[in-house]
Amino acid sequence: MTKSPEERQPVKAFGWAATDPSGHLSPFNFSRRETGDCDVRFKVLYCGICHSDLHAAKNEWGFSIYPLVPGHEIVGEVTEVGNQVKKVKVGDKVGVGCLVGACHSCHDCTNDLENYCSKRIFTYCSKGSDGTVTYGGYSDHMVADERYVVNFPESMPLAAAAPLLCAGITVYSPLKYYGLGEPGKHLGIVGLGGLGHVAVKFAKAFGAKVTVISTSPSKKEEAVNHLGADSFLVSHDQDQMQAAMGTMDGIIDTVSAVHPILPLIGLLKTHGKLVMVGAPEKPLELPIFPLALGRKMVAGSAMGGMKETQEMINFAAKHKIAADVEVIPMDYINTAMERLANGDVRYRFVIDIGNTLVNP
Amino acid sequence: MAKSPENEHPQKAFGWAARDNSGILSPFDFSRRENGNDDVTLKILYCGVCHSDLHIVKNDWGVTTYPVVPGHEMVGLVTKIGSNVKKFKVGDKVGVGVIVDSCKNCENCQQDLQNYCPKAVFTYNSPNFDGTKTYGGYSDFMVVHQQFVLQIPENLPLDASAPLLCAGITVYSPMMYYGMTQPGKHLGVAGLGGLGHMAVKFGKALGLKVTVISSSTRKQAEAINKLGADFFLVSSDPEKMKAAIGTMDYIIDTVSAVHPLVPLLGLLKLNGKLVTVGLPEKPLELPIFSIVKGRKLVGGSDFGGIKETQEMLDFCGKHNITAEIELIKMDQINTAMARLANSDVRYRFVIDVANSLSK
């Protein structure tokens with residue numbers, strides 16, 4: 001007979017889950033595996049709310065498995081380690097991001113690109129190696145293979161660092177891979193949300209000149225004065241867009257709604273690169289002439305491998321980069337999800353799990 | 001008052017031009033400048049018929065000013081050189097491709113990427129810096145700035161070398177730029193026409209495994225037996241396409257009609273690169289998941305700079321690579337254009353200008 005989520009694994013766990021595509025979350029009892037030889041077990045202190053959590057809770061991508069415990073920007077304190085674990089010890093501050101497993105033998109895995117492995121296991125809503133569904137960080141504790149656990153340097157403020165585990169790596173990885181993280185480059189960042197604001201911070205730390213491209217003129221002041229962007233373009237202002245044509249070496253496009261990319265291609269210099277990290281549900285229109293005539297490219301990127309995630313955390317610690325967050329109690333989650341759907345957050349909600357997740 | 005094409009320059013010239021968007025070409029008298037200190041004059045022996053010529057004569061892109069003399073794949077013999085010309089001498093076998101001038105100052109020109117200069121002067125249908133219009137290679141001779149003249153390797157047959165000046169460089173340049181050069185890697189070539197067949201030849205010469213991706217089986221035997229492709233994938237066969245998912249490192253997409261990108265992107269491995277060198281008039285659909293999931297990219301490319309065009313020609317000389325051509329007479333050009341519109345050519349028409357262009 002099929003076991004209930006509470007009985008499938010030996011260690012009791014508690015969190016909040018969505019049970020249907022309304023996406024409404026509520027308290028949920030489940031269980032996790034025991035700490036294996038290579039595992040790290042940690043008490044969750046904070047968990048960032050990624051827009052993917054909202055998409056998944058509402059089954060917008062069509063592959064949600066309910067009940068669904070979201071959360072893949074998880075920070076906590078180690079409580080137990082398996083006897084083969086070398087990276088961390090009890091009491092260390094650690095994080096887990098979007099992945100908790102992969103095949104470890106394919107070409108991608110052997111090149112530290114577990115995020116592209118065809119057998120990768122996501123932190124939530126994925127079939128684990130034992131066939132059970134994975135549950136994410138909106139929960140009291142996590143257990144994960146050491147390979148998928150990153151160390152947080154002592155100096156890092158934990159609540160603000162949590163979003164780096166998804167938002168951070170999602171923009172850091174393509175900045176490096178596509179050669180955009182170099183001093184003197186002019187980068188455009190489209191969309192100023194969770195991904196966009198972290199992209200501005202990383203790009204400035206790389207020594208780039210940064211222009212934020214947004215539909216909301218109201219974000220200009222923050223972009224320039226608070227986040228350090230060098231300039232701000234309102235994307236529906238034809239004059240501004242025209243004046244900026246052919247000025248950017250690269251653009252990181254974080255917008256997850258369907259939108260025209262022709263104007264963005266126009267902003268690129270010749271040989272420029274438009275990198276898509278937002279994930280619109282419907283196809284975009286790709287005009288070929290502008291790509292050809294300027295030898296430009298449109299490329300994609302998804303999350304990052306574990307080695308580069310640790311590299312990104314270390315870089316962030318060194319440059320004092322963290323997300324701008326609004327810390328919320330667990331029971332605010334449904335309101336937070338609604339506000340997130342309306343883009344009403346500067347710039348990431350983070351759930352104070354350690355202090356507010358209470359099993360009644 | 002504006003001078004007529006016959007009178008605007010001192011030297012009389014003769015060629016074939018289209019006079020309206022029917023695209024029909026006919027004999028045309030015009031003129032060319034004197035050979036300046038930096039110029040090379042070449043008697044045109046052969047000129048390839050590029051699909052762009054067809055687009056331009058019919059004004060498909062809305063940029064044509066009539067009368068237009070097409071032709072940007074020409075080879076010929078040097079008949080005169082200016083006093084500053086050291087690289088060429090009379091009698092040399094040379095070629096001229098897609099551009100005949102550029103600003104020479106911008107960042108792109110400084111990096112030998114004249115093809116991306118915003119002021120590049122195209123070989124035909126383009127304003128010269130003196131305000132007159134350029135006329136292309138369906139004509140008896142050209143006068144060109146030495147910087148835009150290419151040496152044709154001694155060992156290559158001239159007629160079959162002509163298409164290298166556009167088709168050749170158009171696929172060679174992105175293959176170099178996007179790094180499609182590691183022996184043993186797997187290259188897909190979508191479309192087997194003028195561009196596609198050159199991509200197959202270059203791919204094999206670079207030691208790549210090459211799969212031709214085509215909508216019908218018609219070209220399969222030729223692709224494998226004559227051009228040396230390793231495999232042939234029919235894009236309309238769902239099972240074969242499925243079996244080929246995630247197997248290619250790169251794809252050169254030469255298809256100029258609107259077509260679905262998703263199945264091609266699916267053929268790419270992680271970090272795979274799809275470069276479009278065909279120029280569909282309308283945008284293509286790009287679902288973002290198709291490039292996000294495997295960190296793939298779709299890139300564009302537009303013929304090549306002069307330095308790399310010479311490099312490409314030298315590479316062809318070394319590997320004995322030329323185009324597969326059908327030689328035609330000048331007065332067969334309209335029939336050839338009609339056949340080209342139906343892709344009925346293996347794989348480039350070349351006009352035997354010297355032997356058939358007569359008043």
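## A tour from one strand pair to the two-chain interface

Start by selecting Gly188(B) and Thr211(B): in β11(B), Thr211(B) is the bridge partner of Gly188(B). Keep in mind as you go that this is a predicted model.

Now widen the selection to the two strands, β10 (residues 186–190) and β11 (residues 209–214) of chain B. They run parallel and are joined by five bridges.

Switch to chain A and pick helix α5 (residues 194–205), which packs on the sheet. There α5 touches β10 (186–190) and β11 (209–214) of chain A. Turn the view to compare directions: the helix makes about 165° with β11(A).

**The sheet**

Next, show the strands of both chains. Which strands make up the open sheet, and in what order? Begin in chain A with β12(A)-β11(A)-β10(A)-β13(A)-β14(A)-β16(A), then carry on into chain B with β16(B)-β14(B)-β13(B)-β10(B)-β11(B)-β12(B). That makes twelve strands, with mixed pairing. At the edges you will find β12 (231–234) of chain A and β12 (231–234) of chain B, each of which pairs on one side only. Look along the sheet and follow its twist, which averages 20° from one strand to the next.

**A second meeting of strands**

Now select β15 (residues 284–286) of chain A together with β15(B). These two strands run antiparallel, and three bridges join them. For one pair to click on, choose Leu286(A), whose bridge partner in β15(B) is Leu284(B).

**The interface**

Time to select everything where the chains touch: 34 residues of chain B are in contact with 33 residues of chain A. How much area do chain B and chain A bury between them? The figure is about 3,100 Å², with 66% of it on carbon and sulfur atoms. On the chain B side, highlight Tyr177(B), Ile288(B) and Arg295(B), which lose the most area to chain A, together 22% of what that side buries.

If you look for salt bridges between chain B and chain A, the count is zero. Polar contacts are there, though: eight residue pairs across the interface, both residues at pLDDT 80 or more.

To see where the chain B side comes from, colour α4 (167–177), β14 (268–276), β15 (284–286), α9 (289–292) and β16 (297–300) of chain B, the elements that each give two or more residues to it. β16(B) gives the most, with four residues. Finally, colour that side by class: 19 residues are nonpolar, nine are polar and six are charged.

Notes:
Residues are numbered from 1 along each chain as its sequence is written. Chains are lettered from A and ligands numbered from 1 in the order in which they are written. This is a predicted model: local features need pLDDT of at least 70, side-chain atom pairs count only at pLDDT 80 or more; totals for chains, interfaces and linings use all residues. Side-chain values use heavy atoms; hydrogens and water are left out. Contact means heavy atoms within 4.5 Å. Buried area is the accessible area (1.4 Å probe) that two parts lose on being put together, summed over both. A salt bridge is a side-chain nitrogen of Lys or Arg within 4 Å of a carboxyl oxygen of Asp or Glu. A polar contact is a pair of N or O atoms within 3.5 Å; within protein, one must be able to donate a hydrogen and the other to accept it, and residues adjacent in sequence count only if both atoms are side-chain atoms. Ala, Val, Leu, Ile, Met, Phe, Trp, Tyr, Cys and Pro count as nonpolar, Asp, Glu, Lys and Arg as charged, and the others, Gly among them, as polar. Two strands pair if DSSP finds at least two bridges between them. Axes are lines fitted to C-alpha atoms, for helices over the stretch in contact, and angles run from 0 to 180 degrees between N-to-C directions.
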